[in-house]
Every structure is written in structure tokens, then in C-alpha cells.
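Colleague: Could you take a close look at one part of this model for me? I would like to start with the cysteines, and then hear what else you can say about the surroundings.

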Amino acid sequence: MRGRISGLVLAAGLSSRMGSYKPLMPLRGRTVIENTVDSLLEGGASDVVVVLGFRGAEVERLLRRRYSDSELRLVYNREFATTDMLHSIKLGLASLPDCESFFLLPGDMPVVDRQTFFLLRCAMPWDRPAIVFPTLGGYRKHPPLIDARFVAAIRDYAGPDGLRGFWRLHEGAVVTVPVDDRGCWCDLDTFEQYRDCVRLYQ
């Protein structure tokens with residue numbers, strides 16, 4: 001393991017499937033978005049860029065109170081209602097500090113285990129550009145650890161299927177790491193998923 005690692009969190013969405021605003025929902029004495037940022041910092045990220053959109057000012061006030069400027073950078077996707085995740089990623093990458101790699105994590109995945117981040121860092125082949133995914137049951141999950149040498153290519157990508165299309169284009173660079181972390185399954189799209197997460201992790 002070597003090199004500075006950053007985190008990129010995507011939290012610009014409308015939370016339309018949840019029926020409530022996900023980033024500010026309570027979990028383990030904090031909010032969902034605080035749990036997500038904390039997991040990255042505890043997992044080895046030196047700093048975290050968070051892309052905000054819908055109700056972003058509320059999230060910004062919360063995060064500014066909790067984190068220092070050296071830990072946190074905030075970016076706004078002003079077109080959150082009409083753009084996809086890749087657009088938010090590109091905005092976040094434009095503000096990414098100098099680093100050798102970065103974790104990419106949706107804001108509604110708040111309970112990824114510290115060990116998962118550690119295993120991804122250990123698996124990164126620093127001698128070549130790579131994208132390291134955790135896997136559960138053979139399925140690739142978040143958060144990937146992405147070599148910063150891919151930043152320009154991601155920002156320039158305009159092909160089909162968003163980020164999935166980019167991964168396919170660079171399949172030869174993908175490394176996978178099996179993990180035993182149910183936090184990689186906890187993607188809080190619906191209230192039922194949130195309720196299960198609270199039951200398991202509260």
C-alpha cells in the first residue's frame with residue numbers, strides 16, 4: 001500500500017424511491033451521509049469530495065459543522081434533476097485533490113466496513129493503472145478503488161451506459177477482491193432497505 005487516497009461521495013439525487021431525504025436520515029446517532037463520509041476517512045481516505053444537489057444547502061451546513069476543510073470538499077451538481085451519476089462523478093473529479101487513487105462511494109451506502117477499504121488498498125497494483133472492486137458472491141460492488149490515472153479518461157468519457165460503459169471499456173484494468181462485508185449490499189434505495197440497515201447496524 002502506498003500513496004495518498006481520496007474519497008468521492010455522490011449525494012446529489014432526489015431520494016425519490018425512499019420517500020424521505022436519504023442523506024439526513026438518522027443512523028447510529030448520526031445521519032446517513034455522515035456515516036458514509038466517516039467510513040471513507042476511517043478506511044484510509046485522506047480527504048473526501050462530496051457532490052451535492054437536491055437539498056444540498058442543508059447537507060452542506062451539517063457537514064461543515066462536522067468536518068474540517070482539510071477533510072472535506074463540497075461540489076454542487078446544479079443539474080441534479082436532469083443528469084445522471086456520471087455527470088456528478090465528473091464534477092467531483094474536477095475538484096479531486098492530488099492523489100494516487102480514490103474510492104468511489106454512493107452517499108446512500110453508509111456501512112461499508114473498514115476492512116473492505118483495507119483489502120482494496122492492499123490489492124491495488126501500483127505498478128499499473130487499475131480499478132479494484134470488492135466482490136460479494138462474485139458480484140462487483142461499491143466502493144471501487146480507482147487509480148487517479150483514470151481521472152482524465154472518466155471526465156472525457158461520452159460513450160453509452162454511463163459509468164458501466166466506462167468499466168467495460170477498461171475491463172482489462174479491473175481487479176476484484178472477495179470481501180465478507182454485508183455493508184457492500186446496504187444500498188439504501190427504499191425505506192425497507194433503510195429499516196433493515198438500522199436493524200442490523202444501529
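Colleague: How far is the sulfur of Cys-186 from the closest cysteine sulfur, and in which residue is that sulfur?

Modeller: Happy to! Please keep in mind that this is a predicted model. The closest cysteine sulfur to that of Cys-186 belongs to Cys-197, and the two are 4.5 Å apart, which is too far for a bond. A disulfide would need the two sulfur atoms within 2.5 Å, so the pair of Cys-186 and Cys-197 does not qualify. Cys-186 itself is buried, because its relative accessibility is 12%, and the cut-off for buried is under 20%.

Cys-122 makes a useful companion case. Its sulfur has its closest cysteine sulfur in Cys-184, at 15 Å, so a bond is again ruled out by distance. Cys-122 counts as partly exposed, with a relative accessibility of 42%. Searching the whole structure gives zero disulfides.

From Cys-186, a step along the sequence brings us to Asp-187, and with that residue to the largest pocket. The space in this pocket comes to about 1200 Å³. Its lining has 39 residues, and those closest to the centre are Leu-10, Met-85, Pro-106, His-142 and Asp-187. By type, the lining divides into 18 nonpolar, 12 charged and nine polar residues. Helix 6 (162-169) provides at least two lining residues, as do strand 1 and helix 3 (85-94). The largest share is that of helix 6, with five residues.

Strand 1 deserves a closer look too. This strand covers residues 5-11 and includes Ser-6. Ser-6 is buried, since its relative accessible area is 0%. The side chain of Ser-6 has a polar contact, at 2.6 Å, with the side chain of Asp-47. Beyond residues up to four places away in sequence, Ser-6 touches several others, including Ala-45, Asp-47, Leu-96, Cys-99 and Phe-103. For a sense of scale, Ser-6 and Ala-153 are 147 residues apart in sequence, with 18 Å between their C-alpha atoms.

Another serine can be set beside it. Ser-39 sits in helix 1, which spans residues 32-42. Ser-39 is buried as well, with a relative accessible area of 7%. Neighbours within four places in sequence aside, Ser-39 is in contact with Leu-105, Pro-110, Val-112 and Phe-117.

To come back to your question, the sulfur atoms of Cys-186 and Cys-197 are too far apart for a bond.

Note on methods. Residues are numbered from 1 along each chain as its sequence is written. This is a predicted model: local features need pLDDT of at least 70, side-chain atom pairs count only at pLDDT 80 or more; totals for chains, interfaces and linings use all residues. Side-chain values use heavy atoms; hydrogens and water are left out. Helices (H or I, at least four residues) and strands (E, at least two) are DSSP runs, numbered from the N terminus. Buried means under 20% relative accessible area, exposed over 50%, partly exposed in between (1.4 Å probe, protein chains only). Contact means heavy atoms within 4.5 Å. A polar contact is a pair of N or O atoms within 3.5 Å; within protein, one must be able to donate a hydrogen and the other to accept it, and residues adjacent in sequence count only if both atoms are side-chain atoms. On a 1 Å grid over the protein atoms alone, a cavity is a set of points where a 1.4 Å probe fits but cannot get out, and a pocket is an open set with protein on both sides within 12 Å along at least five of seven lines; lining residues have an atom within 4 Å of a point. Grid points are joined across faces, edges and corners, and a volume is the space filled by probe spheres set on the points. Ala, Val, Leu, Ile, Met, Phe, Trp, Tyr, Cys and Pro count as nonpolar, Asp, Glu, Lys and Arg as charged, and the others, Gly among them, as polar.
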